[in-house]
Amino acid sequence: MDIEFAKGHGTRNDFVVFADPDNLYDLSPEQVRHLCDRRGGIGGDGVLRAVRASQLHVWADSGASWFMDYRNADGSIAEMCGNGLRVFLRFLAEEELIDASGDTVVGTRAGLRSGRFLEDGRIAVTMGCATVGESVTVSHDGRSWPATAVDVGNPHAVVVLDSASVLDGLDLTITPTWEPVDAFPNGVNTEFVLREDAGRLRLRVFERGVGETNSCGTGVVAAAAAVGGAERCVVEVLGGTLEVLLDGPEAVLVGPAVIVARGRIELSS
């Protein structure tokens, strides 16, 4: 199976993305892992497959023009990806598959999301409602902290740290754990956050199915909702800067997205 792909990133959260308008290529976990392999494949934190919404019964009459099929680097299925959604829209625009002058509605496993291109080159995407939940405990490398559960269409646990040295010194090659175990039956994305001021955060993230990534759009929204302390929140991640707006019915994530390469790859069946 040959596919024509593009490689893109949003604040260095990177993805392999390709168009499958007629829903012909439902990738296996093994194929996803191969595409995301940074030695033997293309390399990425995940794969984005663009399918016309009209080809999928659940989205055919939803108002969405495309469905974003997102897979984590380990081949597992994920509900949503905020950075991925911006890269997805940038790809569709560059392929002339959408009109970049207006809003585009996209179906995701977390529901409908929309995006628009801003004059400064960034893309603003709706993220649904960030629902702040119960307190949990996150443990990592011999230490434990209280954390806040947040649902942004996918699950998050937000840990607030008390110093930059602790944040910078985290070894996120080690997978965090949580209690109670049944709080996140399908795993969780864990955000470690330093609150520098009201409306300004620094963040590192361990993504389920991937490990530490340079950025996580839904994680940035979760952190802003849980501890940001303002309706507009600027969040610094390893890969750059994102902005979260919490003054409307849905959270809005604003940030860059760029396509850096295109090519063709043969995948075994």
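Begin by selecting strands β1 (residues 2–10) and β2, which pair in the antiparallel sense over five bridges; pairing requires that DSSP find at least two bridges between the strands, and strands (E, at least two residues) and helices (H or I, at least four) are DSSP runs numbered from the N terminus. The model is predicted: local features need pLDDT of at least 70, side-chain atom pairs count only at pLDDT 80 or more, and totals for chains, interfaces and linings use all residues. Residues are numbered from 1 along each chain as its sequence is written, and side-chain values use heavy atoms, with hydrogens and water left out.

**The N-terminal strands**

Within this first pair, G10 has N13 of β2 as its bridge partner. The two strands form a hairpin with two residues between them, and T11 in the turn has a positive phi of about 50°. Next, colour β2 (residues 13–19) by accessibility: six of its seven residues are buried, so the strand is largely enclosed by the rest of the structure. Buried here means under 20% relative accessible area, exposed over 50%, and partly exposed in between, with a 1.4 Å probe and protein chains only.

Add β3 to the selection. β2 and β3 pair in the parallel sense over five bridges, and A19 has A50 of β3 as its bridge partner. The chain passes from β2 through helix α1 (residues 29–36) to β3 in a right-handed β-α-β crossover; that is, with the strands pointing away from the viewer, the path from the first strand over the helix to the second runs clockwise.

**G46**

Now select G46, in strand β3 (residues 46–52). Its relative accessibility is 0%, and G46 therefore counts as buried. Leaving aside residues up to four places away in sequence, G46 touches D14, F15, V16, C36, Y70, R71, N72 and A73, where contact means heavy atoms within 4.5 Å. A C-alpha to C-alpha distance drawn from G46 to T175 reads 18 Å, and the two are 129 residues apart in sequence.

**Strand β13 and its partners**

Move to strand β13 (residues 200–207), where six of the eight residues are buried. Strand β12 (residues 189–197) pairs with β13 in the antiparallel sense over seven bridges, with F192 opposite R204. These strands form a hairpin with two residues between them, and G199 in the turn has a positive phi of about 85°.

On adding strand β15 (residues 232–237), one finds a parallel pairing with β13 over three bridges; R202 stands opposite E236. Strand β14 (residues 211–213) runs antiparallel to β13 and is joined to β13 by three bridges, one partnership being F206 with E212. The β13–β14 hairpin has three residues between its strands, and G209 in the turn has a positive phi of about 80°.

**Helix α4 and the cavity**

Select helix α4 (residues 217–227), in which nine of 11 residues are buried, among them G217, V220 and V227. G229, which follows α4, has a positive phi near 75°.

Finally, display the largest cavity, which holds about 80 Å³ of space. Its lining comprises 14 residues, of which Y70, M80, N154, N189 and E207 lie nearest the centre. The elements giving two or more residues to this lining are β4 (66–72) and α4. A cavity is a set of points, on a 1 Å grid over the protein atoms alone, where a 1.4 Å probe fits but cannot get out, and lining residues have an atom within 4 Å of a point. Grid points are joined across faces, edges and corners, and the volume is the space filled by probe spheres set on them.

Notes: On a 1 Å grid over the protein atoms alone, a cavity is a set of points where a 1.4 Å probe fits but cannot get out, and a pocket is an open set with protein on both sides within 12 Å along at least five of seven lines; lining residues have an atom within 4 Å of a point.
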